[in-house]
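Let's take a friendly walk through this structure, one piece at a time. Have the picture open as you read.

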Amino acid sequence: MNFIEKIKNAGVVGAGGAGFPTHVKMGTTVEWLLVNAAECEPLMHKDKELMQHYADTIVQGIKLAAEHTKAQKIVIGIKSKNTKAIASLNTAIKKANSPATIHEFADYYPAGDEYEIVAGITGKLIPPAGIPLDIGAVVSNIETLYNIARAVEDIPVIYKYMTIAGAVKNPVTVCVPIGTSYNEVLSLAGGSTLPAFAVIENGVMMGQQVSDLRKTVTKQTGGLIVLPADHRAITRYQKSTKEMNRIGKSACDQCSYCTEFCPRYLLGYDIQPHLVMRGLGFTAMGQDFWNQYASLCCNCGLCTLYACPEDLYPREACFQAKANMQVKPDHSKHKPIKIHPMKEYRRIPGKQLQNKLGIRQYDVPTGFIAEVYQPKEVRISLQQHIGAAAVPVVEVNELVQTGQLIAHIPEGKLGAPVHASISGRVQEITDALIRIEGEGEEYK
Ligand code: SF4
Ligand code: SF4
């Protein structure tokens with residue numbers, strides 16, 4: 001079996017959030033392989049822990065990815081504050097005689113945005129609405145490269161590393177089988193320190209509040225942040241879209257701070273959230289003109305959670321604008337991209353962002369548990385990736401072993417297969433999931 005088949009069969013998808021099937025990305029030829037180790041969501045530490053503990057495996061994944069994409073320039077982008085992770089990577093690079101180099105960033109947000117990381121390392125700008133491949137680069141996340149190295153050893157993606165932080169007894173990074181419930185994952189951090197709390201998955205800036213803690217871990221889950229139920233980062237989102245729009249329409253004074261701090265605008269792209277906010281005062285037809293200024297939004301949240309002095313929702317306005325856009329903007333007609341002269345001076349330091357968000361007190365050293373947690377039951381989603389949902393190949397009541405294929409990619413479709421993350425008996429199969437109950441020595 002060749003490299004691409006191995007990572008396809010192992011179900012490797014982008015672990016940095018999007019869940020794009022990795023075998024497609026790795027089937028390209030590029031000049032640059034950029035390793036996204038920026039991990040800029042406040043309080044999230046799982047990539048840092050992976051680099052500290054599994055640097056050899058990650059460097060092996062980088063080597064394999066570079067060989068197969070024929071990349072000549074291999075650069076790991078990481079924040080200079082992660083000194084232990086950098087030391088572990090440097091040791092592993094030397095040991096493996098790898099050509100990979102390390103590019104250090106200051107601690108700012110959003111260092112991990114693909115457009116940002118590509119510009120910061122290569123000095124090139126991705127064309128508007130383009131992808132890194134357009135400038136001859138592939139960007140891969142740390143955990144994805146870790147999974148690539150394991151896939152080549154025929155180990156499928158069945159576990160997920162996650163940081164549990166915020167108002168919990170023991171903030172920690174853990175390794176859990178895919179399909180474990182958030183309730184159980186929280187208990188690994190000792191549970192919340194508060195009687196009334198709320199949980200955000202995948203980070204305060206770009207994540208979402210979890211409405212039901214029976215939700216389960218997927219290949220895209222990176223962590224859980226626990227906050228007081230009345231925390232501003234929670235209550236601000238308890239408004240309906242209609243309410244957000246009504247307030248935005250009446251209170252936006254067009255100060256344009258949202259645009260002036262927008263990282264994509266500062267890179268030179270034609271994105272202007274204050275103009276999207278202006279559109280809220282127009283009819284649906286009139287709004288379409290202003291909506292085009294949202295098309296290059298990366299959803300980083302800086303405008304809503306940091307820049308706006310009126311506590312409005314420009315990010316959410318951009319989100320709606322993209323969904324409602326009738327006429328797609330023709331980016332080829334836009335003026336050439338030129339980095340804003342104030343770009344470097346308007347970076348948002350990580351600590352400053354934490355202060356603004358009111359989460360600085362939760363920025364404490366976290367533990368790391370290498371041992372894989374064993375839940376009694378897993379509910380494994382069939383849609384953990386971009387593309388078509390996986391199709392079950394097992395039946396109810398069937399005994400399955402850890403790592404066994406339980407759902408495959410539909411014929412001719414983009415997708416990723418799904419494997420059993422624990423050994424046990426299949427109890428339920430629906431359109432959305434496969435439920436396995438643990439059986440065997442470890443479950444007695
Ligand atoms: S920063 Fe806030 S008030 Fe100013 S233009 Fe943007 S949305 Fe309007
Ligand atoms: S969320 Fe706001 S700051 Fe971030 S890219 Fe979109 S418009 Fe710019």
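## A lysine in the first helix

Lys 6 is buried, because its relative accessible area is 18% and the cut-off for buried is under 20%. This lysine belongs to helix α1, which runs over residues 3-9. Keep in mind that the model is predicted.

Who are the partners of Lys 6? Setting aside neighbours within four places in sequence, Lys 6 is in contact with Met 1, Ala 151, Val 152 and Asp 154.

## Helix α5 and its two sides

Now let's turn to another helix. Helix α5 has 13 residues, 83-95, and at 1.5 Å a residue it should span 18 Å; the C-alpha atoms at its ends are indeed 18 Å apart, so the two values agree.

Which residues of α5 are buried? They are Ala 85, Ile 86, Ser 88, Leu 89, Ala 92 and Ile 93. These residues cover an arc of only 160° around the axis, which means that they sit on the same side of α5. A general rule helps here: an α-helix has 3.6 residues a turn, so residues three or four places apart point the same way. On the other side of α5, the exposed residues are Thr 83, Lys 84, Thr 91, Lys 94 and Lys 95.

What do the buried residues of α5 pack against? Their partners are the helices α3 (46-53) and α4 (55-69), together with the strands β2 (73-79) and β3 (101-105).

## Just past the helix

Follow the chain onward from α5. Just after this helix, Asn 97 takes a positive phi of about 50°. Ala 100 is found in the loop between α5 and β3.

Is Ala 100 buried or exposed? Ala 100 is buried, since its relative accessible area is 8%. Not counting residues up to four places away in sequence, Ala 100 touches Ile 62, Ile 74, Ile 76 and Ile 93. With Ile 76, the C-alpha atoms are separated by 7.1 Å, although the two residues are 24 residues apart along the chain.

## The second largest pocket

Next comes a pocket. The second largest pocket has a volume of about 490 Å³. Of the 27 residues that line this pocket, the closest to its centre are His 45, Lys 48, Lys 81, Asn 82 and Asp 363.

Which elements give two or more residues to the lining? They are α3, α5 and α17 (350-357). Helix α17 gives the most, with four residues. By type, the lining residues divide into 10 nonpolar, seven polar and 10 charged.

Methods: Residues are numbered from 1 along each chain as its sequence is written. Chains are lettered from A and ligands numbered from 1 in the order in which they are written. This is a predicted model: local features need pLDDT of at least 70, side-chain atom pairs count only at pLDDT 80 or more; totals for chains, interfaces and linings use all residues. Side-chain values use heavy atoms; hydrogens and water are left out. The expected span of a helix is 1.5 Å times one less than its number of residues. Buried means under 20% relative accessible area, exposed over 50%, partly exposed in between (1.4 Å probe, protein chains only). The arc is that of the directions from the helix axis to the C-beta atoms. Contact means heavy atoms within 4.5 Å. On a 1 Å grid over the protein atoms alone, a cavity is a set of points where a 1.4 Å probe fits but cannot get out, and a pocket is an open set with protein on both sides within 12 Å along at least five of seven lines; lining residues have an atom within 4 Å of a point. Grid points are joined across faces, edges and corners, and a volume is the space filled by probe spheres set on the points. Ala, Val, Leu, Ile, Met, Phe, Trp, Tyr, Cys and Pro count as nonpolar, Asp, Glu, Lys and Arg as charged, and the others, Gly among them, as polar.
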